[in-house]
Amino acid sequence: MTFTYPWFLLGLLAVGIPVAIHLFELRRPQRLLFTNVGFIREIKLVTARQRKVKHLLVLLARICFVVFLVLMFCQPFIPAARPDAGTGGAGAVATVVDTSPSMQALSDTDQPLFERAVSEARELPAAYPASTRYSLPGNNTQLSAAAFRSAVDALAVSGAAPSVAGQVERLKARGKAGQLFVFSDFQKNSFTPRQLVADSAQQVFLVPLGGKPTQNVFVDSVLLDDAFVRTGTDISLRIRLRNGGSVAAPDCQVKVFVGPQQVAAYRTAVAARSTAISTIRLRLNDAALQTCRVELEDFPVTFDNTYYFTLQPSPRIRVLDVSPDAGDNTRRLYGNEPLFAYSGSQPQRLDYSALAAANMILLQEVPQVDAGLREAVRQRVQQGATVVIVPPAAAAVRASYDQLLRELGVGSVQWETSPSGAPVLRDVAQPSLQNPFFRDVFAGQSRQAVMPKAAPVLRWARSGTDVLRLRDGDGYLAGFSSGRGLVYLFAAPFSGGYSDFSSHALFVPVMYRLAMQSFRTDQRLAYRLNEGTVPVALGADEARSQVREAVVKLVQDSLTFSPSQRMQAGVLRFEVPAGMKEPGFYSLTRNGKPLTTLAFNVDKRESDLASYSAAELRQLIGPNHPNVQVYETGLGQSVAAQYKAERVGTPLWRYCLWLALASLLAEVLLLRWQGRVRKTEPVAVAA
């Protein structure tokens, strides 16, 4: 046994006070009255013996009271098996409580892991002196014990909660803490012990909270077979389900809603740690954005039972054909397909406002690319449009094309001239079936297709993507990245006997695919609450009206959030506010005007319930990190009690207090017993 304040042992000198009182009471003369002198000797002997025992017991009770009272102030304790220097003045006791959605899983006692973590964290001040200060990632000041408990009680599960490693980094950024407690389920897909063992000078205590084995089916992803969502036609929607639990789900009911209407319902089985893919067909009747969701009936883990996403019917792809003959070939090609909004123009009559709004610009054998056209094309490609260049055969225009290609980032090209003056046709090679550009183009064909012929007038040194090549290895159609857009370059003209490509069966799918490559949308079907930065493409009118006071807001029912935002090349980029904790649909507004609706969900990694046990954490940490210790829960003792018994010791001052009070009570009872007067009956004397 060791004393915290041994100087209080000097108080044991106060034991002399009850001893002196006892000796003084023995000297006091006492008067006894008797009714019959014949019994004086007997009464005197009996009373003196009882009085002596009572006085000794009272003295003993008083001495014990003084001794135990002094020991209480000395604060005795049994030393710990692993003595610890405490915080050592290096900082507050830091505490990280995992508030991610996975903490809503149930423990072995059917209590949510988050509630159990909060209960364990609230007990930490009991293991430290009253002067100890505490810190949490969400508080910038050091907290007292009472304030710490209140702050822990105020914690709540959030879909936008940062990772455990992120919270630890926030604590380290504010100042080094002497000790760190981490309460988490330590999911295997998002936690590695290396994130916490880097600082060997800091004491780290990991408290894994494991859930009981269960099933957990969630929507891993929702995919569209076609990138273009059209109205009035069937859309194939693939729903990928995954079971993140360790127990198979033999019968999971799935419902799919488009707006308030249910469009599909089915049941499926998902084995543990595996996936199941289902395909449904649905139809959109109008061009408005549709809020959709997939609902699952899966218990007991329910935080991921609803997956939110949006479907926006694709707008028509605007194709601008700039050519001397106003695009006779391409007018018939794009004009018959309602997916495209085609417009043709001769170079000298070009409407630059139509060029600024086009998704794909087709420069088809333009005789001369002047400076105005060159600059307009460059700016539009930088903003994300696609330009398709079909070179002319005339040698006089090659200088303007060289400058255009350099400004678009294609680099230098080499022009070719036939020695005889007449074009020499060469065979185009069969395209690779693994090329995503030709997906589904050659489906169902059992024999090789007859390929077109071309007489190239230029060649290039490099390309980002080879779409079509000649049999001798030279390129015929290649793609190049330029800013946010794409540049596609043909090696030969379509007319003048330089190519039969425009009359070939491959002409339609290739030109359609080039136009489709020009369509992009920065808005995805769904986002994560912990996404970070979200890009949203604005319309031309919204992008031009960049007023400083016109900030965008996210609105859900009565909640309004003002995220950090910036405009970049017509794209609005904003950070997901930390206050957005619940999944669902959020309306993006600007000056009160709705721009679009975004769907936010919990990160799917939270739905994978595989986590590290205490034994696995100890094995991963290894023996080379003595500053990291793993505590287990569910052993009939709180983490604070385990820490206190192991590193602080077992305090005994409470027992001293109770013994002092017991001694005082014994003294009171003895004095009351002593104060009683024994009544003796009168004795009859014979006459």
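Me: What is the distance between the closest N and O atoms in the salt bridge of Asp 427 with Lys 453?
Reply: Keep in mind that this is a predicted model, so the value is computed from predicted atoms. Asp 427 sits in strand 19 (residues 426-427) and Lys 453 in strand 20 (residues 453-454), with the two positions 26 residues apart, so to speak a link of distant parts of the chain. The closest N and O atoms of the pair are 2.2 Å apart.

Me: Is Asp 427 buried or partly exposed?
Reply: Buried would take a relative accessible area under 20%. Asp 427 comes out at 25% relative accessibility, so the label is partly exposed.

Me: Which residue forms a salt bridge with Asp 220?
Reply: Start from Asp 220, which lies in strand 7 (residues 217-224) and is buried, at 16% relative accessible area. The closest N and O atoms of the pair are 3.6 Å apart. The partner is in the loop between strand 32 and helix 12 (614-621), so the contact ties together parts that are 384 residues apart in sequence. That partner, partly exposed at 39%, is Lys 604.

Me: Which of Arg 528 and Glu 531 is buried, and which is partly exposed?
Reply: Their side chains meet in a salt bridge, 3.7 Å from N to O. The cut-off for buried is under 20% relative accessible area. Arg 528 has 33%, so this residue is partly exposed. With 17%, the buried one is Glu 531.

Me: How many salt bridges does the structure hold?
Reply: Some of them share partners: Glu 416, Arg 426, Arg 459, Asp 472 and Asp 474 are joined that way into one network. For the structure, the count of salt bridges is 27.

Me: Why is strand 6 largely enclosed by the rest of the structure?
Reply: Strand 6 covers residues 203-208. Strand 5 (residues 179-184) runs parallel to strand 6, joined by six bridges, and strand 33 (residues 628-630) also pairs with strand 6 in the parallel sense, over three bridges. The enclosure itself follows from burial, because the buried residues of strand 6 number five of the six.

Me: What is the bridge partner of Phe 205 in strand 33?
Reply: Strand 6 has bridges to strand 5 and to strand 33. With strand 5, one of the pairs is Val 182 and Leu 206. In strand 33, the partner of Phe 205 is Gln 629.

Me: How many residues lie between strand 31 and strand 32 in their hairpin?
Reply: Strand 31 (residues 584-590) has five of its seven residues buried, so it is largely enclosed. Seven bridges join strand 31 to the antiparallel strand 32 (residues 593-601), with Ser 587 partnered by Thr 597. Asn 591 in the turn has a positive phi of about 55°, and the number of residues between the strands is two.

Me: Which residue in strand 31 stands opposite Leu 554?
Reply: Strand 27 (residues 552-556) is antiparallel to strand 31, and four bridges join them. The residue opposite Leu 554 is Leu 588.

Me: What is the area of the nonpolar surface patch made by Tyr 5, Phe 8, Leu 69 and Phe 73?
Reply: Take Phe 8, which is found in the loop between strand 1 (2-3) and helix 1 (16-27). Phe 8 has a relative accessible area of 42%, so it counts as partly exposed. Together with Tyr 5, Leu 69 and Phe 73, it makes a patch of about 380 Å².

Key:
Residues numbered from 1 in each chain as written. Predicted model: local features only at pLDDT ≥ 70, side-chain atom pairs only at ≥ 80, totals over all residues. Heavy atoms only, no water. Buried < 20%, exposed > 50% of the residue type's maximum accessible area, 1.4 Å probe, protein only. Pairing = 2+ DSSP bridges. Patch = residues over 30% accessible without salt bridge, like charges linked within 9 Å, V, L, I, M, F, W, Y side chains within 5 Å. Areas by Shrake-Rupley, 256 points an atom, 1.4 Å probe, with all protein chains shown as cover. Salt bridge = Lys/Arg side-chain N within 4 Å of Asp/Glu carboxyl O.
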